[in-house]
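Got the viewer open? Here is a short walk through the model, one selection at a time.

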Amino acid sequence: MRRIGVMTSGGDAPGMNAAVRAVVRTAVERGLEVLGIERGFHGLLHGHVRPMGSSSVSGIINRGGTILRTARSAEFRTPEGQGRATRQIAENGIDGLVIIGGDGSYRGGLAVHRACGVRVAGVPGTIDNDIPGTEYTIGFDTAVNTALEAIDKIRDTATSHDRVFVVEVMGRLNGAIALTVSIAGGAEAAIIPEVRHDMLRLCQRIQTWQDRGKLSCIIVVAEGAARGSDIAATITQVTGIETRLAVIGHIQRGGAPSARDREMATRFGAEAVCALLDGEEATMVGLMRGCTVRSPIESVECGSRPLDEGLLALVDVMAT
Ligand code: F6P
C-alpha cells in the first residue's frame, strides 16, 4: 500500500474535519501518500483529487462542515458512474479508500471495492447515529447538543405562555437524535419513525397535564416520523390548547464539533488507516463498549442499527 484516498460523503457532520485530519496525519506518519477526494463519490468519478500533507489539515479540528466538501451523488449510483469511479481509482493509483460518511456512503464504498478490489475503510460520520457495528457516529453529540440548546430556550417561552411546543429534529429514518434530546431536555413525548405513534393518547396526556397545572409541554418529533406542523395542528384541534412549532433543521448539522466528536473522529480516522495497512479488504471502524473495533462493511446491507426502545418508555415515565 502506497497511496490512499480520503473522502467525506453524504450529509456532513460536525467532526468530519477532525476525521480527515486524523486520516492524513496517521497515513503520513506511516509513510503513505494521501489524496483528498472532493465532494465524495461525485468528485471521485470526476477525478477531483488533490494531494494532502500534514500541514494541509492544520487548524481544522475545531471547524464544522468538511473541508473536502460532500455530496449525495445520483450519478455514482448508475453503472456508468461506478465505472468512471473505478477508472479514476486506477488512474490515480489509489490502493485504499477511507470513506467518512453514513451507511449510504458505505454501500458506495462496497460497490467500488467489489468492482475493482480497492481496499475500503468506513469511518462512521453522520449526525444520525444509526450505523450498525458502532455505538457512535461522528457528529451525533454536537447535533444533540445543538438541538438541546434550542429546546432549553423553547422551554422558557413555552413556560411563560403555558404553551405546548412541537419541536421537529432531524432523523429521516431513525429517532436517535429525537430520543436523546427528549431525555436530556425533559420533553414530555417523543415521536420517532421506528414506533407508531398514538395521537389520541398523546392529546389525552397533554390535556391531563394541563388540567394538573403543568406549565409547558414539549413534544419532540423526528422529521421522518411525521410533519411537525401536522402534529401541532392535531394537538390544537383535539385539545384546544395553543400549540406552536419549531423546526430546528440543518442548524443541527453545523457548528464546531464537541470534544466527544473531535476525540471519536480522531480515534476512528487513525483506526481506519491502520485497518487498511493491516490488509483489511472492506471494513468499517466503530465503537463498542468504549473500544475502537472493526467489522465487515457488508453489515450495512443488513439494515441500520436497532433502536433501544426502552428509551422511549423512559421519556414516558419521566413525563408523568
Ligand atoms: O443523514 C443526516 C441527515 O441530516 C438526516 O438526519 C436528514 O434526514 C438528512 O440528512 C437531510 O439530508 P439533506 O441535507 O440532504 O436534506
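Start by selecting strand 5 and strand 10: they run parallel and are linked by three bridges. For a landmark on this pairing, pick Ala121 and look across to strand 10, where Thr283 is its bridge partner. Keep in mind as you click around that this is a predicted model.

Now go to the other neighbour. Strand 4 also pairs with strand 5 in the parallel sense, here over six bridges. Zoom in on Gly101, whose bridge partner in strand 5 is Pro124. Is strand 5 mostly covered or mostly open? Mostly covered: five of its six residues are buried.

Add helix 4 to the selection. Together, strand 4, helix 4 and strand 5 form a β-α-β unit, and its hand is right.

Time to zoom out to the whole sheet. Seven strands make it up, in the order 3-2-1-4-5-10-11, and this open sheet has mixed pairing. At its edges sit strand 3 (49-51) and strand 11 (291-296), each with a pairing partner on one side only. On average, neighbouring strands here are turned by 25° against each other, ignoring direction.

Next, bring back the helices that pack on the sheet. Helix 4 (residues 103-116) touches strand 4 (96-101), strand 5 (119-124) and strand 10 (282-288), and its direction makes about 175° with that of strand 5. Then select helix 9 (residues 259-277), which packs on the sheet against strand 1 (3-8), strand 4, strand 5, strand 10 and strand 11. The direction of helix 9 makes about 145° with that of strand 10.

Slide over to the strand 3 edge. Strand 2 (residues 33-37) and strand 3 run antiparallel, joined by three bridges. Select Ile37 and you will find Val49 of strand 3 standing opposite.

Last stop: Thr243, in strand 9 (residues 243-247). Why does Thr243 count as buried? Because its relative accessible area is 10%, and the cut-off for buried is under 20%. Show everything around the residue: Thr243 touches Val164, Val166, Ala232, Ile235 and Thr236, leaving aside residues up to four places away in sequence. One of these, Thr236, also makes a side-chain to side-chain polar contact of 3.5 Å with Thr243. Finally, turn on the backbone atoms: the oxygen of Ile241 lies 2.9 Å from a polar atom of the Thr243 side chain.

Conventions: Residues numbered from 1 in each chain as written. Predicted model: local features only at pLDDT ≥ 70, side-chain atom pairs only at ≥ 80, totals over all residues. Heavy atoms only, no water. Pairing = 2+ DSSP bridges. Helix = DSSP H or I, 4+ residues; strand = E, 2+ residues; numbered from the N terminus. Axes fitted to C-alpha atoms, helices over the stretch in contact; angles between N-to-C directions. Contact = heavy atoms within 4.5 Å. Buried < 20%, exposed > 50% of the residue type's maximum accessible area, 1.4 Å probe, protein only. Polar contact = N/O pair within 3.5 Å; in protein donor to acceptor, adjacent residues only side chain to side chain. Right-handed = clockwise from strand over helix to strand, strands pointing away.
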